[in-house]
Structures are given as structure tokens and as C-alpha cells.
Amino acid sequence: MAKIQKELYGDFDDIIADIHDAVVGGSVTGEMIESSQFKGAEARCSVMIFERYSAMYQSRVTLSVTLFQTEGRIFISAAATGGSSARFVKINTIPEDSLLEAVRVVIHSYSRPKPEDDEE
């Protein structure tokens, strides 16, 4: 399983739209198979499940994305799974990594560098 967790900065709805466009628009077989949103007085949450077919490995890969906003802060957790054809041990994560890469690009555009990221 490949995973990204990070704090994002920007508009919650824009982030949702950009993730959707990156995953669905970035693949012929990519689709959102389920989504759910919750909104309260102080918090907001969006869960999106994407799936696409990996022709190279002849399998389906799933991506789960959760966005959570509270007190003006937005957090994302994105995890991809599937794609391996092995029975007992996951041999490769290439399909997972590839699907997660589409979200990584969006995450990067809504991220601010940490102070330690600026230091060389």
C-alpha cells in the first residue's frame, strides 16, 4: 500500500475538484466509484474512492482519499492499494505508486514547504 498524509492550504472545494480531475482525467479507465461528504459547525470531511485498471499488471487499483478540515486547517490522507498479482506477498507496488502520483502532484500544489524543507 502506498500512502500520503499531509496538511494542505487552499480552498477545500478546489482541492476536491483538482483531485477528481487528476485521477479521473489522468487515466482512460479512472473513475470515482464512491464519495461521501460531511459538514458540521466546526468541521468538514470528504471521502473519495477511485479505481482504475492497470493494463500492464492486469488488475484493478483503488485509491482512497480523505480530506478533513477543521479550524481552517485541511488535512489529506490518500492511500492506494491493489495491482499486485501475487497470492501471498505483494511483489510490486508500481500500479499503486502510479495512481498515487496523480494525487501527489495536486498535493504538492496545495502544500507549503516546512521550514526544514528550505534548509540544504
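How many of the 120 residues of the protein count as buried, as a percentage? The answer is 34%. Keep in mind while you click around that this is a predicted model.

**Stop 1: the whole chain**

Start with a cartoon view. You should find three helices and five strands. Follow the chain from the N terminus and the elements come in the order β-α-β-β-β-β-α-α. Now switch on the surface: the protein exposes about 7500 Å², and carbon and sulfur atoms supply 51% of that area. One more thing to keep in mind is how the chain meets itself. Take the contacts with a separation of 6 or more: residues 24 or more positions apart account for 52% of them.

**Stop 2: a negative patch**

Select Asp11, Asp14, Asp18 and Asp21. Together they form a negative surface patch. Zoom in on Asp14, which sits in helix α1, residues 12-25. Is Asp14 buried, exposed or partly exposed? Its relative accessibility is 41%, so Asp14 counts as partly exposed; the partly exposed class runs between 20% and 50%.

**Stop 3: Phe68 and its neighbours**

Next, select Phe68 in strand β4, which covers residues 59-70. Phe68 has a relative accessible area of 35%, so this residue is partly exposed too. Which residues does Phe68 touch, leaving aside those up to four places away in sequence? Show the side chains of Phe12, Ala43, Arg44, Cys45, Arg73, Ile74 and Phe75, and you have the list. Then try a distance label between the C-alpha atoms of Phe68 and Phe38: they are 9.5 Å apart, while the two residues are 30 positions apart along the chain.

**Stop 4: Arg73 and Glu7**

Arg73 was among the neighbours of Phe68, so keep it selected and add Glu7. The side chains of these two form a salt bridge, with 2.9 Å from N to O. Color the chain by position and you'll see that the pair links distant parts: Arg73 is in strand β5 (residues 73-82), Glu7 is in strand β1 (residues 2-8), and 66 residues separate them. With a relative accessible area of 41%, Arg73 is partly exposed.

**Stop 5: a small network**

Pick Glu31 and Arg60 now. Their side chains meet in a salt bridge as well, at 3.8 Å from N to O. Why does this pair tie together separate parts of the sequence? Glu31 lies in strand β2 (residues 31-39) and Arg60 in strand β4, so the bridge joins parts 29 residues apart. Glu31 counts as partly exposed, at 37% relative accessibility, and Arg60 counts as partly exposed, also at 37%. Add Glu51 to your selection: Glu31, Glu51 and Arg60 are linked in a network of salt bridges.

**Stop 6: a bridge inside one helix**

Last, go to helix α2, residues 94-109, and select Glu101 and Arg104. Their side chains form a salt bridge too, at 3.0 Å from N to O. Both residues lie in this helix, three residues apart, which is about one turn. Glu101 is partly exposed, with a relative accessible area of 39%, and Arg104 is partly exposed at 36%.

**Before you close the viewer**

How many salt bridges are there in the count? It comes to five. The ones to revisit include Arg73 with Glu7, Glu31 with Arg60 and Glu101 with Arg104.

Conventions:
Residues numbered from 1 in each chain as written. Predicted model: local features only at pLDDT ≥ 70, side-chain atom pairs only at ≥ 80, totals over all residues. Heavy atoms only, no water. Patch = residues over 30% accessible without salt bridge, like charges linked within 9 Å, V, L, I, M, F, W, Y side chains within 5 Å. Areas by Shrake-Rupley, 256 points an atom, 1.4 Å probe, with all protein chains shown as cover. Salt bridge = Lys/Arg side-chain N within 4 Å of Asp/Glu carboxyl O. Lys, Arg positive; Asp, Glu negative; His and termini not counted. Charge placed at Lys NZ, Arg CZ, Asp CG, Glu CD. Helix = DSSP H or I, 4+ residues; strand = E, 2+ residues; numbered from the N terminus. Buried < 20%, exposed > 50% of the residue type's maximum accessible area, 1.4 Å probe, protein only. Contact = heavy atoms within 4.5 Å.
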